[in-house]
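Hi,

Here is the structure I promised to pass on. Have a look at it first, and then read on for what turned up.

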2 protein chains.
Amino acid sequence: MIDNHDLVFAIAERAKQYLLDPPSGEDPVVDLASPDELIAAFDSTVGLALAADGSEPNHDNAELLAAIDLVVRHSMHTSHPRFVNQNFAGPDPVAVAGDWLGAALNTTGATFEVAPVFTLMEAAVIDRLARLAGYVSTDSELLPALPSGLFCPGGSVGTLFGLQLARHRHDRDITTRGPSGERLTVFVSASGHYAATKSAALMGIGTDNVVKVPCHFDGSIDVAELAEAIRQCMTTGGTPLAVIATSGTTVTSAFDDLHGVADVCKQHGIWMHVDGCYGGSSLFSPAQAHRLSGVERSDSFVWNLHKMMGMTQQCTALLVKQPEQLAACFATRADYLFQPDKQFAEYDSGDRTFQCARRIDVLKAWLAWKTHGDEGFAARIDHAVAMGTHTRHAIAARGDRFVTVVDGDFTNVVFVWVPPELRPLSTTDPAALPIDKRDALHLLPPAIKARMQRDGTAMIGFQPVHGMNTFRMICMNSTLRASDIDAILDAIERYGADAVGGSAESMGSTPDSSLPPQR
Amino acid sequence: MIDNHDLVFAIAERAKQYLLDPPSGEDPVVDLASPDELIAAFDSTVGLALAADGSEPNHDNAELLAAIDLVVRHSMHTSHPRFVNQNFAGPDPVAVAGDWLGAALNTTGATFEVAPVFTLMEAAVIDRLARLAGYVSTDSELLPALPSGLFCPGGSVGTLFGLQLARHRHDRDITTRGPSGERLTVFVSASGHYAATKSAALMGIGTDNVVKVPCHFDGSIDVAELAEAIRQCMTTGGTPLAVIATSGTTVTSAFDDLHGVADVCKQHGIWMHVDGCYGGSSLFSPAQAHRLSGVERSDSFVWNLHKMMGMTQQCTALLVKQPEQLAACFATRADYLFQPDKQFAEYDSGDRTFQCARRIDVLKAWLAWKTHGDEGFAARIDHAVAMGTHTRHAIAARGDRFVTVVDGDFTNVVFVWVPPELRPLSTTDPAALPIDKRDALHLLPPAIKARMQRDGTAMIGFQPVHGMNTFRMICMNSTLRASDIDAILDAIERYGADAVGGSAESMGSTPDSSLPPQR
């Protein structure tokens, strides 16, 4: 019998119970507690801190299980349908089961020797993703020994590796000799992810050499501005290294015009990297795939299956058009691990990337795909977009009590609740609002959200858009239903009224949902 | 009820069964199959590949479970006591249970808002690790809002971040403006991990600017050679940026003299990074902690709890002496995520690193520590070292049939089996052997290992050391017992005899273990 059998059994049962019957409906999305309150709560079990003097005891099972119950109680219930706070949510339970099995088998993806099945699964999933992206178009159904990419720990890391591949193609001597004297420059839209900036810092390119290209109002890149920015870079002695196009921006879920970007990149021979961390999964849906038209012309493409597809953290595919570049760029041929005289060494993937040990992120994705099939994956995307559409309609139906700042046509809706004294707003562009109105609106989302968190009613994010705090409804949570959206909007009205010192009814709200009041 | 309830339940049960009763004893460590054989096996269930034309069906549960059974059958059983192939092995079942719960709760470590408990747990574990390393010495038991580091996905990434912190301290303008014109140089021992080289490539420093400092025969750095290498760098116009000291090298588990390295670094104001990915866990044992004496003088320290401590992949702590450096070096203050007007925003850890979303790696470590206590953690290290000692004794007891090439005094033993015609070997230094003898010995470990894999008897790694293939027994697997070591040595003798065309008995072997023959 293994050590700690009873404890392990009990925790596994709790995890399974949570997985099979997660919080939903009127259950709270969060049981909010401050750091001090959490520390106090754990002090009644095993404590959060570890004894500073090395005297931490081995606690008994009852205490440990009480602590585990506190962990569950006070953690964010991302599986709850009313968790629309981020671009990930509760996981697909099938993926969780795959993740669990992978954890129990505990190996790494570096070599075929210790990961025979997972090496082939990674080839299978990467190959199919690469076909969806138009990177691979042969008829062969054989699993390639050299797949068109690999998994890596998160989208930022994927973008980092994409840019390193770009620099290696541009001048492989930089990899060996160091800086060449050129001022390498990376272009990304002003709405693009900060991974561009962080990568430029880490790669020694310098954050000043990341050009934030102006966007259209919806958050998609202005291709004419991109072309102009590249022209300016070259006339001032810079070297355009890469353009990062975004498919599904973080705030407004906008999609850059990939053909437009590809045309510009082709003209100047610039590496095109697509950050499809959020929106790349549109490729699973025949109805939505058009949003990534042109991705097949890019050189690298990063795609987070832990966002729209509900894999557990993390499940990121980095796809590359020329897979042989990976080893050329990253390999160091360590002879203690990638022994050429080892059986099946040609399948080893570990030297084609930066990491040595890699957690097995593919099993859950492969299992979910085999379980749901292509149609199931498509349905997941289509449901998310349908919920976005419902949100836009539901907000419009509430008249001047709500204003969409950026409505878009995908899964994200950016909006504000308007208190009675500011109705009707003269414009939906924050920049065009009188400053006193904009300042008043700016303060409301944090105040409303704090009340929602206190009651555990829902979790929805806010952030400045065009200079003013706005709510962001992200409709990627697969358990989200129209009734949940209505209930969240009701709650915003109710807490908004409370925040400005009135009642929702006195402010013209007629709840559109038939749900009972939130706790 | 969740979708796919029955399938999820069944897979979770299989994972739990595997966790609670993993393969052991005479069970095979691996059921070896070639890529073609694996593909054929899966073809009888759901297939490994995904339909290239988008027609992958949603398979039925029976087929899916048959595939899951194949996954388990053909995966490496790293929990088996006779898996001594790598510097990780089967996980602590308590850690697996924690990992499972974290996966079910699926959130990210970036913000307190969505990870309230885990943010505080990370502070607790990092703080305690930092105290073990001598980075923190206050009496306060309060959880710091700014802990002395954070978790990151693997040791290579930790070293990358450590070197970026070094460059940022040296010249923060490089982070913003890009290359300064200086030839920055990184020093690491010739036995150090390839993360140094890969980091230099990725950071734009250049692999030519990584100086591999000569080692003593055991694999530890020669500090006099380090001082000379730094002097040479400076006299040729280079700028020493950082020294990476290794605490537990990959092959021989050697420990660099940290005080010696620290003295050199102090003299020149050079950043000292300690790669304690493998051996850092010695700090848990009062009997072994001396090996890292001097680590308290370093600036950054990376420590993989997924190696000796048996956490699941991955669980890497990056510790930094000056924690405020993290935000200074990495932050970009994205206002959609790190809103300053959000509750408890001062606890957000996400902008203190490169990654955005981070998997919750701390829960399993915290849970294991609270379960086993400081004494349990110490016992794990002491057991591993005791098994290393047993290996050395067992090899010595077998006379001239085995030779230790590097015996060391920690968990790794590097050795060869010597066929009768080469006994006794005149020297244990491969470089001093006649070339024909060395070549003959070099071919044996792959031949022996292939036979072991075929039979699933054990998994032990080989690699060139001083120019000749040698076996590496890594005694970190917590389920490893003396009888397993004896059985593995018996098997090497048996397969060695087979490889050179005789029987073990005819070659002088008298099996030291009373175990029955391997399957």
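A word on angles before the helices: axes are lines fitted to C-alpha atoms, for helices over the stretch in contact, and angles between N-to-C directions run from 0 to 180 degrees. Do keep in mind that this is a predicted model.

In chain B, helix H4 (residues 93-105) packs on helix H12 (residues 362-397) at about 140 degrees, and the axes are 8 Å apart. Angles count as roughly antiparallel only over 145 degrees, so H4(B) is oblique to H12(B). The crossing is right-handed. From H4(B), the residues in the contact are Val94(B), Ala95(B), Gly98(B), Asp99(B), Leu101(B) and Gly102(B), and they meet Leu363(B), Lys364(B), Leu367(B), Ala368(B) and Thr371(B) of H12(B). By type, that is 6 nonpolar, 3 polar and 2 charged.

Now the domains of chain A. Domain 1 covers 1-30 + 76-106 + 363-519, and domain 2 covers 149-172 + 181-331. Their centres lie 28 Å apart, with 28 residues of domain 1 and 25 of domain 2 in the contact. On the domain 1 side, H12(A) gives the largest share, 10 residues. That side has 16 nonpolar, 6 polar and 6 charged residues.

As for the two chains, a turn of 180 degrees with a shift of 0.0 Å along the axis lays chain A on chain B, with an RMSD of 0.0 Å. The copies are thus related as by a two-fold rotation axis. Met203(A) is the residue of chain A that comes closest to that axis, its C-alpha at 2.0 Å. The copies meet through the same surface, because 99% of the interface residues of chain A are also interface residues in chain B.

Cheers

Technical notes: Residues numbered from 1 in each chain as written. Chains lettered and ligands numbered in written order. Predicted model: local features only at pLDDT ≥ 70, side-chain atom pairs only at ≥ 80, totals over all residues. Helix = DSSP H or I, 4+ residues; strand = E, 2+ residues; numbered from the N terminus. Parallel < 35°, antiparallel > 145°, perpendicular 65-115°, else oblique. Left-handed = near helix turned anticlockwise from the far one by under 90°. Contact = placed C-beta atoms within 7 Å. Nonpolar A, V, L, I, M, F, W, Y, C, P; charged D, E, K, R; others polar. Least-squares fit on C-alpha atoms with pLDDT ≥ 70 in both. Domains from an automatic or database assignment.
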